[in-house]
Amino acid sequence: MNLKNLRNSALKEILGAKNLEELEKLQIKYLGRKGELTEILRKLKDMAEAQRQKIGKFANQLKWEIEGMVEKKKKELGFLSSVDKEWVDISAPGHKLPKGYLNPRTLVLRKVEEIFQSLGFSVIDSTEMETDYYNFQALNFPKDHPARDMQDTFYLTDEILMRTHTSPNQVRFMEKHNPPLRVIMPGKCFRRDASDATHDSQFYQVEGLMVDKNISVANFKAVIAEFFKRLFGKEVKMRLRPSYFPFTEPSFEPDISCTFCAGSGCKICKDTGWLEMAGAGMVHPFVFKSAGYSPYEWRGFAFGFGLERLVMMKYKINDIRLLNFGDLRFLKQF
Ligand code: DAH
């Protein structure tokens, strides 16, 4: 075939290709091993010198031209070369990593720790497994004491259990440290409780203990009122309701005026205008004796509150179990 005709038909057909498949067939037709142009190039060596130079030049140029056309057309038809595919714009801004979120309980605990630290309290870590001795006996719950029934306990053996409250750390801490002292001891507690919107078998308490020579209920009131004020960001009314715990005498439960209705009565406070916040009291002489302190020399107050209750009030969460599910739709809101 005449090279000029070959060029015309090749360019026309290639330009007219409608898809990559068609184009590939044309590429084979013109440039393939058995292609027309290849055929001509192969015959070059048998030609006379002058002819070879003339035809050879033209044929080679045509080959490049067709190759170029094919490449151009390929792009037009959407073909991505590996270079195109792997091309990376290194100047493009990076992707942001998805952000993690802190459980609202962690947020509140940090706030609680910060407030008490600013009031001179140290934050002390403690273990979740306890002995019956520290969880009960050292705190004046003898074996068979009816108050044990208030705390449905997970026993691991006869003597070892999952702590039902953080109070055992009062004795543990006093055994190792001399008074005066001011500590809070936050941690996870366990009770064999059916779970519902306000109870779970795992929950956190924050235990507090202050011991010095002349501690009275007035000191407790001052500390705890300051704590609530800083936690809720405003002055809250407080009252101490008489209560009973084996390890405090007298025992009381501080209530604060309902933060939802400011005391006028609502569903959250069951129309009483008050919210129960904690258990508390003056350290019982029995507990000082358990720890090796002289009850004649030292006085102290102690308190323990449920962390989840604070969290639920602060963020208006109505189901304690949400705090333990790890559901991102919930956690992302804080
Ligand atoms: N440990 C008690 C409970 O779990 C709460 C409590 C009451 C802690 C009085 C105290 C306290 O430190 O003084 O119900």
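Mentor: Domain bounds come from an automatic or database domain assignment. This is a predicted model, in which local features need pLDDT of at least 70, side-chain atom pairs count only at pLDDT 80 or more, and totals for chains, interfaces and linings use all residues. Residues are numbered from 1 along each chain as its sequence is written, and side-chain values use heavy atoms, without hydrogens or water.

Trainee: What distance separates the centres of domain 1 and domain 2?
Mentor: The assignment for the protein chain places domain 1 at 3-85 and domain 2 at 104-331. Taken over C-alpha atoms, the centres of domain 1 and domain 2 are separated by 86 Å.

Trainee: How are α1 and α2 oriented to each other, roughly parallel or roughly antiparallel?
Mentor: Helix α1 covers residues 3-16 and helix α2 residues 20-31 (DSSP runs of H or I, at least four residues; strands are E, at least two). Their axes come within 9 Å and cross at roughly 165 degrees, the angle running from 0 to 180 degrees between N-to-C directions. Because angles under 35 degrees count as roughly parallel, over 145 as roughly antiparallel, 65 to 115 as roughly perpendicular and the rest as oblique, α1 and α2 are roughly antiparallel.

Trainee: Which residues of α2 make the contact with α1?
Mentor: Contact means heavy atoms within 4.5 Å. From α1, the participants are Leu6, Ser9, Ala10, Glu13, Ile14 and Gly16. From α2, they are Glu22, Leu23, Leu26, Lys29 and Tyr30.

Trainee: And how do α1 and α4 run, roughly parallel or roughly antiparallel?
Mentor: Helix α4 spans residues 49-76, and its axis lies 10 Å from that of α1, at an angle of about 5 degrees. On the α1 side Leu3, Lys4, Leu6, Arg7, Ala10, Leu11, Ile14 and Leu15 take part, meeting residues of α4 that include Ile55, Phe58, Leu62 and Met69. Given that angle, α1 and α4 are therefore roughly parallel.

Trainee: What percentage of the span 34-61 is helix?
Mentor: An unreviewed UniProt entry places a "coiled-coil region" at residues 34-61, although such annotations may be inferred rather than shown by experiment. In the model, the end C-alpha atoms of residues 34-61 lie 19 Å apart. The span has 0% strand, while its helix share is 75%.

Trainee: Which residues is glutamate 249 in contact with, leaving aside its neighbours within four places in sequence?
Mentor: The unreviewed UniProt entry gives the feature "binding site" at Glu249. In the model, glutamate 249 sits in strand β7, which comprises residues 248-257. Once neighbours within four places in sequence are set aside, the residues in contact with glutamate 249 are Met282 and His284.
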